[in-house]
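Please look through the structure below before reading the points. They are set out by topic and can be checked one at a time.

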Amino acid sequence: MSNLETNTVEERCESHPDGGGIQVLGAREVPLGGPRAMPVRRTLPQRDRSLIGAWCFADHYGPDDVAKTGGMNVPPHPHTGLQTVSWLFTGEIEHRDSIGSHAMVRPGEVNLMTAGRGIAHSEVSTPQTRILHGAQLWVALPASAQDAEPAFETYAPDPVVRGGATVRVFLGSTVGSTSPVRTFTPLLGAEILLEPGADITLDIERGFEVGVLVDEGEVQLRGTTLKWAELGYQPPGEALVVLRNTGGTRARLLVLGGEPLGEQVIMWWNFLGRSHEDIVGYRREWQSELRGAAPADPRFGTVEGYDGDPLPAPELPNSRLKPRD
């Protein structure tokens with residue numbers, strides 16, 4: 001998914017910590033783009049928190065009536081220095097990229113694209129989709145993997161049932177389930193369904209920080225209530241994530257965790273780098289490829305099969321881009 005906004009850290013979300021150290025982050029609504037602009041709720045990045053582990057971007061959307069909004073139609077656009085993680089609750093999205101991958105994003109299956117040194121891709125909701133509902137997530141690559149070769153993986157985790165909880169682990173490992181999908185830093189990604197009154201305790205590495213994004217219902221994270229579209233942050237130091245559904249309806253949430261990245265990154269548009277000059281260079285190369293002036297070994301390449309033109313990059317700000325950590 002393309003980040004159609006270009007601001008860096010001025011994310012206008014409300015947050016507040018509780019007495020137990022859990023920070024509650026609100027979301028803000030932004031348009032995905034296009035003439036009818038499907039809205040998404042953005043919880044990362046924002047002023048009070050830029051990353052959770054290496055997770056650096058979280059858009060939460062739907063349930064979206066495609067007949068009213070037009071659904072998702074994101075033309076070919078570039079990425080560098082990150083991995084995109086697509087997870088759907090309802091609907092279907094067609095993915096195409098410049099290394100030749102052509103796949104459908106479906107509920108219960110994770111699609112992970114490693115941009116590394118550079119890749120381009122498009123995302124379009126399929127004609128049979130009536131309701132579109134899911135999350136688009138980005139993971140920052142460490143400096144050692146910033147120029148990794150681009151790649152694409154898909155994986156459908158088996159559900160793990162623990163009482164009134166159903167867990168699908170799509171990245172990392174917990175509740176005895178391990179995802180084979182490759183990451184470049186220790187990460188955790190899981191969907192959890194909690195029936196009314198149910199609880200679940202996840203085992204995690206003590207050095208992990210964790211975010212819990214609520215998609216349906218209301219849950220408690222270590223006793224702190226999280227409501228719909230809120231993201232609760234648990235700092236490193238705990239070996240467990242304790243979740244309870246205290247509401248009268250089913251709750252659904254995403255758990256995103258990992259070791260703190262410990263590095264400064266610069267995110268602008270769809271690029272992640274380590275310096276202002278990195279971003280300027282990536283933008284210049286993308287615009288050059290759009291004009292047909294790319295070198296014999298272009299950084300981003302061409303997305304075959306998409307009916308339309310690629311997205312041009314927006315103008316860079318007049319001031320230098322500032323890092324976040």
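1. Rings of Phe, Tyr and Trp (for Trp, the six-membered ring) count as a pair if their centres lie within 6.5 Å, and a pair is called stacked if the planes are under 30 degrees apart. On that basis the structure, which is a predicted model, holds eight aromatic pairs.

2. One of these is the pair of Phe57 and Trp138, which is stacked, with 4.0 Å from centre to centre and 20° between the planes. Phe57 belongs to strand S5 (residues 55-65) and Trp138 to strand S12 (residues 131-140), so the pair ties together parts that are 81 residues apart in sequence. Phe57 is buried, its relative accessible area being 1%. Trp138 also counts as buried, at 0% relative accessibility.

3. Trp87 and Phe170 make another pair: the ring centres are 4.5 Å apart and the planes stand at 25°, so this pair is stacked. Here the connection runs between strand S7 (residues 82-90), which holds Trp87, and strand S15 (residues 165-171), which holds Phe170, so parts 83 residues apart in sequence are tied together. The relative accessible area of Trp87 is 0%, and the residue is buried. Phe170 counts as buried at 0% relative accessibility.

4. Which residues form one aromatic cluster? They are Trp268, Trp269, Phe271, Tyr282, Trp286 and Phe300.

5. An unreviewed UniProt entry lists His77, His79, His121 and Glu123 under "binding site". These residues span 47 residues in sequence, yet no two of their C-alpha atoms are more than 13.3 Å apart, so they gather at one spot. The annotation may be inferred rather than shown by experiment.

6. Two of the listed residues can be described further. His77 is placed in strand S6 (residues 73-79), and His79 lies in strand S6 as well. Are they buried or exposed? His77 is buried, with a relative accessible area of 0%, and His79 is buried with a relative accessible area of 0%. The side chains of His79 and His77 are joined by a polar contact of 3.4 Å. In addition, the His77 side chain reaches the backbone oxygen of Pro75 at 2.8 Å.

7. Strand S23 (residues 231-234) has Leu231 and Tyr233 pointing one way and Gly232 and Gln234 pointing the other, and all are buried. In a regular strand the side chains alternate between the two faces of the sheet.

8. What pairs with S23? Strand S2 (residues 23-25) is joined to S23 by three bridges, and the two run antiparallel. Strand S20 (residues 209-216) pairs with S23 over four bridges, also in the antiparallel sense. Tyr233 appears in both pairings: Gln23 stands opposite Tyr233, and Tyr233 is the bridge partner of Gly211.

9. On confidence, the protein chain has a mean pLDDT of 92, and 91% of its residues reach 70 or more. Over residues 6-13, pLDDT stays under 50. The model has 25 contacts beyond four places in sequence for residues 6-13. Where pLDDT is low, the predicted coordinates should not be read in detail.

Notes. Residues numbered from 1 in each chain as written. Predicted model: local features only at pLDDT ≥ 70, side-chain atom pairs only at ≥ 80, totals over all residues. Heavy atoms only, no water. pLDDT = per-residue confidence, 0-100. Contact = heavy atoms within 4.5 Å. Buried < 20%, exposed > 50% of the residue type's maximum accessible area, 1.4 Å probe, protein only. Pairing = 2+ DSSP bridges. Polar contact = N/O pair within 3.5 Å; in protein donor to acceptor, adjacent residues only side chain to side chain. Phe/Tyr/Trp six-rings, centres within 6.5 Å; stacked < 30°, edge-to-face > 60°.
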